[in-house]
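Let's take a walk around the ligand site of this model and see what the protein puts there. Keep the viewer open as you read.

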Amino acid sequence: MSACLFCRIVAGEIPAQLVAETPEAIAFRDIAPKAPVHILVIPRRHVDSLTVADDAAELGAVAQLAARVAVQEGIATSGYRVVTNVGEDGGQSVGHLHFHVLGGRALGWPPG
Ligand code: 5GP
Ligand code: ZN
């Protein structure tokens, strides 16, 4: 059993609403959505954050899955945002690399 929340979701130990998966990555709905569409895309392998992501192919697979999910959710044409929070100032609350895919409404900029 892993202590990492998202590793436990990858392992199926904690339920999640999966929306897509590949050999390298999975995508599932955020438990507390901040927009009509709010999906998290993560590598299956544990990686702490973007800062220490050391596998370009894996990172590419996560980014490509984020784009695929946007198309699948019908927000690719209206527009969407992909963001990864890193560390304390970035607002990262789960220490397993994840890309947020947000859309379905006009998103404010800059972030707070
Ligand atoms: P962060 O704050 O690290 O950028 O993003 C972590 C995200 O994970 C948050 O948006 C939060 O709502 C989501 N989250 C936290 N716990 C769970 C969970 O158990 N299941 C799912 N699906 N999302 C979670
Ligand atoms: Zn993990």
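Start with ligand 1 in this predicted model. It is surrounded by 18 residues, and the closest are Asp-30, Asn-85, Ser-93, His-98 and His-100. Sorted by class, that shell comes out as eight nonpolar, seven polar and three charged residues.

Now zoom in on the oxygen atoms of the ligand. Asn-85 brings a polar side-chain atom to 2.8 Å from an oxygen of ligand 1. The backbone joins in too: a polar backbone atom of Gly-91 is 3.1 Å from a ligand oxygen, and a backbone N or O atom of Val-94 also lies 3.1 Å from an oxygen atom of ligand 1. As for burial, ligand 1 has 520 Å² of accessible area on its own, and the protein covers 84% of that.

Which elements build the shell? At least two residues each come from α1 (5-10), β2 (25-29) and β3 (37-43), with α1 giving the most, at three residues.

Step back a little, and you'll find that ligand 1 takes up the space of the largest pocket. That pocket has a volume of about 690 Å³. Its lining counts 31 residues, and Asp-30, Lys-34, His-38, Leu-40 and His-100 are the ones nearest the centre. Two or more lining residues come from each of α1, β2, β3, β4 (80-83) and β5 (99-103). Here again α1 gives the most, with three residues. By class, the pocket lining splits into 16 nonpolar, ten polar and five charged residues.

Two names are worth picking out at the end: Asp-30 and His-100 are among the residues closest to ligand 1, and both also turn up among those nearest the pocket centre.

Conventions. Residues are numbered from 1 along each chain as its sequence is written. Chains are lettered from A and ligands numbered from 1 in the order in which they are written. This is a predicted model: local features need pLDDT of at least 70, side-chain atom pairs count only at pLDDT 80 or more; totals for chains, interfaces and linings use all residues. Side-chain values use heavy atoms; hydrogens and water are left out. A residue is near a molecule or strand if one of its heavy atoms lies within 4 Å of it. A polar contact is a pair of N or O atoms within 3.5 Å; within protein, one must be able to donate a hydrogen and the other to accept it, and residues adjacent in sequence count only if both atoms are side-chain atoms. Accessible areas come from the Shrake-Rupley method with a 1.4 Å probe; for residues, only the protein chains shown count as cover. On a 1 Å grid over the protein atoms alone, a cavity is a set of points where a 1.4 Å probe fits but cannot get out, and a pocket is an open set with protein on both sides within 12 Å along at least five of seven lines; lining residues have an atom within 4 Å of a point. A molecule sits in a cavity or pocket if more than half of its atoms lie within 2 Å of its grid points. Helices (H or I, at least four residues) and strands (E, at least two) are DSSP runs, numbered from the N terminus. Ala, Val, Leu, Ile, Met, Phe, Trp, Tyr, Cys and Pro count as nonpolar, Asp, Glu, Lys and Arg as charged, and the others, Gly among them, as polar. Grid points are joined across faces, edges and corners, and a volume is the space filled by probe spheres set on the points.
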